[in-house]
Amino acid sequence: MASRLEINFIRLLSRCESMASEKRGEAEWRLEKYVAALEDMLVALRKSPSKPTQEVLTEYTRKVDFLKGLLEAEKLPSPTEKALANQFLAPGRTPTIANERMPATKTVHIQSKARYTGEMRDELLGTRLSGKGTTDGDLRNRRCLPLDERQSAAELDAVLQHHHNLQEKLAEDMLNLARNLKNNTLAAQNIIKQDNQTLSLSMRQADLNFEKLKTESERLEQHSKKSVNWLLWLMLILVSFTFISMILFIRIFPRLR
């Protein structure tokens, strides 16, 4: 069961994610204060005796760092710098509350990326593009732009396409890496399974050899006992015969005077 501190942290985190998804003015200061309070609560949560698991703490830290990075990106002067800083942000992987289908930080990341991309286009084209797509008037305005601005717009499109290709290549590399890791894990499991079977056979053979050795030891012990008994009786008979012979010899041949 989550502690009271963790419940308050989750509530404040959900509130911050909701505020980050909304459009804020330049004079808005609550989100920054709330994120600072989140950092303090996260530090206290790590030191709490009833702290959550390390995986949950890592996810909380990831979300708080995302909100901090989002605030820092918004303070940058140009849309290009904002978009570049937004590329390096890592949103949360799991929803904060149960009724979220997608993590709120991921939604905020997508919204901020689209907003900064639109700001870069507005800065290069000198127009206010709507969020519904490029219209015929926008295309005509682009054709009427000077050559330098058209080249800048083309370069921006090329940069965005390049980043998109890099992300796709990175995702493909990660997929291949995960596939190779899975194959290596399966191969290692097969090797360990074969080693376990070989070890089991060796232990079974060792048990059989031990049982045989124990049986042979018992037989040898019994044989040794029988040999000792016969030898003892033989020596007793020999000693008795020698004693009786000496008595008879003394009786038959008396001592000379």
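Select helices H2 and H3 to begin: H2 passes H3 in a left-handed crossing. The model under inspection is a predicted one. H2 covers residues 30-47, and H3 covers residues 54-74.

**The H2–H3 pair**

Display the axes of the two helices. They lie 10 Å apart and make an angle of about 155°. Angles over 145 degrees count as roughly antiparallel, and H2 and H3 are therefore roughly antiparallel to each other.

Next, show the side chains at the interface. On the H2 side, select Leu-31, Glu-32, Val-35, Leu-38, Glu-39, Leu-42, Leu-45 and Arg-46. Their counterparts in H3 are Leu-57, Tyr-60, Thr-61, Val-64, Leu-67, Lys-68 and Leu-71. A general point assists in reading such lists: an α-helix has 3.6 residues a turn, so residues three or four places apart point the same way.

**Along H3**

Keep H3 selected and hide H2. H3 contains 21 residues, and the distance from its first C-alpha to its last is 30 Å, close to the 30 Å expected at 1.5 Å a residue.

Colour H3 by relative accessibility. Which residues in H3 are buried? They are Leu-57, Glu-59, Tyr-60, Thr-61, Lys-63, Val-64, Phe-66, Leu-67, Gly-69, Leu-70, Leu-71 and Ala-73. To see what covers them, bring back the surrounding helices: the cover includes H1 (4-21), H2 (30-47), H4 (79-87) and H5.

**Ser-112 in H5**

Move now to H5, which spans residues 104-125, and select Ser-112 within this helix. Is Ser-112 buried or exposed? Its relative accessibility is 1%; because buried means under 20%, Ser-112 counts as buried.

Expand the selection to the surroundings of Ser-112. Once neighbours within four places in sequence are set aside, Ser-112 is in contact with Leu-70 and Asn-86. Leu-70 is among the buried residues of H3 already visited.

Two distances from the side chain of Ser-112 merit display. One leads to the side chain of Asn-86, with which Ser-112 makes a polar contact at 2.8 Å. The other leads to the backbone oxygen of His-109, which the Ser-112 side chain reaches at 2.9 Å.

**The whole chain**

Finally, clear the selection and view the full chain as a cartoon. How many helices and strands are there in the chain? The chain has seven helices and zero strands, in the sequence pattern α-α-α-α-α-α-α. Of its 257 residues, 21% count as buried. Among contacts between residues at least 6 apart in sequence, 65% join residues at least 24 apart.

Methods: Residues are numbered from 1 along each chain as its sequence is written. This is a predicted model: local features need pLDDT of at least 70, side-chain atom pairs count only at pLDDT 80 or more; totals for chains, interfaces and linings use all residues. Side-chain values use heavy atoms; hydrogens and water are left out. Helices (H or I, at least four residues) and strands (E, at least two) are DSSP runs, numbered from the N terminus. Buried means under 20% relative accessible area, exposed over 50%, partly exposed in between (1.4 Å probe, protein chains only). A polar contact is a pair of N or O atoms within 3.5 Å; within protein, one must be able to donate a hydrogen and the other to accept it, and residues adjacent in sequence count only if both atoms are side-chain atoms. Contact means heavy atoms within 4.5 Å. The expected span of a helix is 1.5 Å times one less than its number of residues. Axes are lines fitted to C-alpha atoms, for helices over the stretch in contact, and angles run from 0 to 180 degrees between N-to-C directions. Angles under 35 degrees count as roughly parallel, over 145 as roughly antiparallel, 65 to 115 as roughly perpendicular and the rest as oblique. A crossing is left-handed if the near helix is turned anticlockwise from the far one by less than a right angle, and right-handed if clockwise.
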